Amino acid sequence: MSENNTCAIDINGHKTVACRTGLTLFAGLRTQKVFLPTGCGARGVCGQCRVKVVEGETSPPTDNEKGRLKEAELSAGWRLGCQLRLQGDLEIEASSCILHAKEYKTTVASIIPLTYDIRRFSFAPAPGDKVPHRAGQFINFVAKPYGEAKGMTIRCFSFATPASVEDRIDIIVRRTPNGAATTYLFDHLKEGDEATLIGPFGEFRLSDAKAPCIWIAGGSGLSPFVGMLREMLDRGVSDRPVKLFFGAVNERDLYYVGELREFSAKHPWFKYIPALSGGERCEACADYGLITDVVARHISNADQYEAYLCGSPGMIEACIATLGGKGVKRENIYFDRFG
Ligand SMILES: Cc1cc2nc3c(=O)[nH]c(=O)nc-3n(C[C@H](O)[C@H](O)[C@H](O)COP(=O)(O)OP(=O)(O)OC[C@H]3O[C@@H](n4cnc5c(N)ncnc54)[C@H](O)[C@@H]3O)c2cc1C
Ligand code: FES
């Protein structure tokens, strides 16, 4: 351990920062502007802040860590950065994103309703500030204290903007009833307000392979696919078939229908399949029923496919099972659980 109650944290053998002992790793790194991602405001429940301790003394795992990490993971050194208290020098392995993630002071440029409970929020970074990222990655939105929500309210939102757009951050957000961050976004945040975002984080992004793709989205899970489509256009990719399934309950839950239909009319490699499960019929819909049944009807012999899924944890688990049954290899299924 170094003097003055500080310790040295070595990250991936690439960067070393000095932190105060007694702080959590999450809090200590923040004092040095190194950001671990969080989906729970550092309460030990989301698992986004996980790191592997390769060398060094730490506090013992908390109950939250024992609940979130498997025994084998704990034995291998995996910990939650928001729970682990610093006792001395540490060597950790973490996603390389944290070496590049930055805090952005932005202004809310626009708030556009897409459905009755989904809005697109656009944030403009300070002039000259760029936000390098890939569609599919996510950013941490930091809500200011309001009403009863006085603690640190930070949540993950996927970029809807492609890599080519670095001077704007678009996110598509669905309101969670009584949700701390989405209530702030929907009821308190106004155009022209300042907002803090931290990132980018995450490994979810379209691979550079040529494999045909199945994309499955529910609710605000369409967000990364909007950015990915733009990235394919930007990179001139037109030989990679994509089937985008969008699962919704009723017609009022659909958005970007006109844009996606127009896009599929212009680009034969792209097929858009919106489906309703609530019993309503609508002109825009390509099919009806549970999204898993719809996918099963439209896909056969999918062993060459890559699949990308975004939405609720339940939808993702069910779709992984369906895709497995159609021959998609587990290692070719990528997803972000919005929950
Ligand atoms: C990698 C990643 C990317 C994400 N990207 C996006 C995105 O692009 N867009 C987006 O909208 N969200 C996204 N999310 C989810 C988002 O981070 C928040 O979890 C979500 O917006 C809820 O936050 P909140 O603070 O409003 O709710 P919280 O205060 O965190 O409340 C959530 C609580 O409400 C419960 N709950 C959840 N849904 C409902 C519901 N419908 N009705 C009642 N209770 C409910 C949960 O069980 C939980 O207890 C993403 C999550 C992850 C992990
Ligand atoms: S930040 Fe959520 S578990 Fe650590």
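**Exercise 1. How many bridges join strand β1 to β2, and do the two run parallel or antiparallel?**

Before the solution, the conventions. This is a predicted model, in which local features need pLDDT of at least 70, side-chain atom pairs count only at pLDDT 80 or more, and totals for chains, interfaces and linings use all residues. Residues are numbered from 1 along each chain as its sequence is written, while chains are lettered from A and ligands numbered from 1 in the order in which they are written.

Solution.
- Fix the terms. Strands (E, at least two residues) and helices (H or I, at least four) are DSSP runs, numbered from the N terminus. Two strands pair if DSSP finds at least two bridges between them.
- Count. Six bridges join β1 (residues 6-11) to β2, and the two run antiparallel.
- Check one pair. Threonine 6 has arginine 20 of β2 as its bridge partner.
- Place the pair in its sheet. The open sheet has five strands in the order β2-β1-β5-β3-β4, with mixed pairing. Its edge strands, β2 (15-20) and β4 (78-80), each pair on one side only. From one strand to the next, the twist averages 40 degrees, with axes fitted as lines to C-alpha atoms and angles running from 0 to 180 degrees between N-to-C directions.

**Exercise 2. Work out the order and the edges of the six-stranded sheet, then follow β12 to its partners.**

Solution.
- Order. The open sheet runs β15-β14-β13-β12-β16-β17, with parallel pairing.
- Edges. β15 (287-288) and β17 (333-337) are the edge strands, and each pairs on one side only.
- First partner of β12. Six bridges tie β12 (residues 213-218) to β13 (residues 242-248), in parallel. Alanine 217 stands opposite phenylalanine 246, and glycine 218 opposite glycine 247.
- Connection. Between β12 and β13 the chain passes through helix α5 (residues 223-234), a right-handed β-α-β crossover. Right-handed means that, with the strands pointing away from the viewer, the path from the first strand over the helix to the second runs clockwise.
- Next partner. β12 and β16 pair in the parallel sense over five bridges. Isoleucine 216 stands opposite leucine 309 there.

**Exercise 3. Which residues of β16 point one way, and which the other?**

Solution.
- Set the cut-off. A residue is buried if 20 or more other C-beta atoms lie within 10 Å of its own, exposed if 12 or fewer, and partly exposed in between; the C-beta atoms are placed from the backbone.
- Sort. Glu306, Tyr308 and Cys310 point one way from β16; Ala307, Leu309 and Gly311 point the other way; all are buried.
- Repeat for β12. Cys213, Trp215 and Ala217 take one side, Ile214, Ile216 and Gly218 the other, and all are buried.
- Extend to β17. β16 and β17 pair in the parallel sense over five bridges. Tyrosine 308 stands opposite tyrosine 334. With helix α8 (residues 313-325), these strands make a right-handed β-α-β unit.

**Exercise 4. Why does the shell around ligand 1 lie between domain 2 and domain 3?**

Solution.
- List the domains. They are domain 1 (6-98), domain 2 (102-201) and domain 3 (213-337), with bounds from an automatic or database domain assignment.
- Count the shell. 22 residues surround ligand 1, the closest being Gly179, Ala180, Ala181, Thr182 and Ser220. A residue is near if its C-beta atom, placed from the backbone, lies within 6 Å.
- Find the elements. β9 (153-158), β10 (169-174) and α4 (180-187) each supply at least two shell residues.
- Conclude. Domain 2 and domain 3 both give residues to the shell, so it lies between them.
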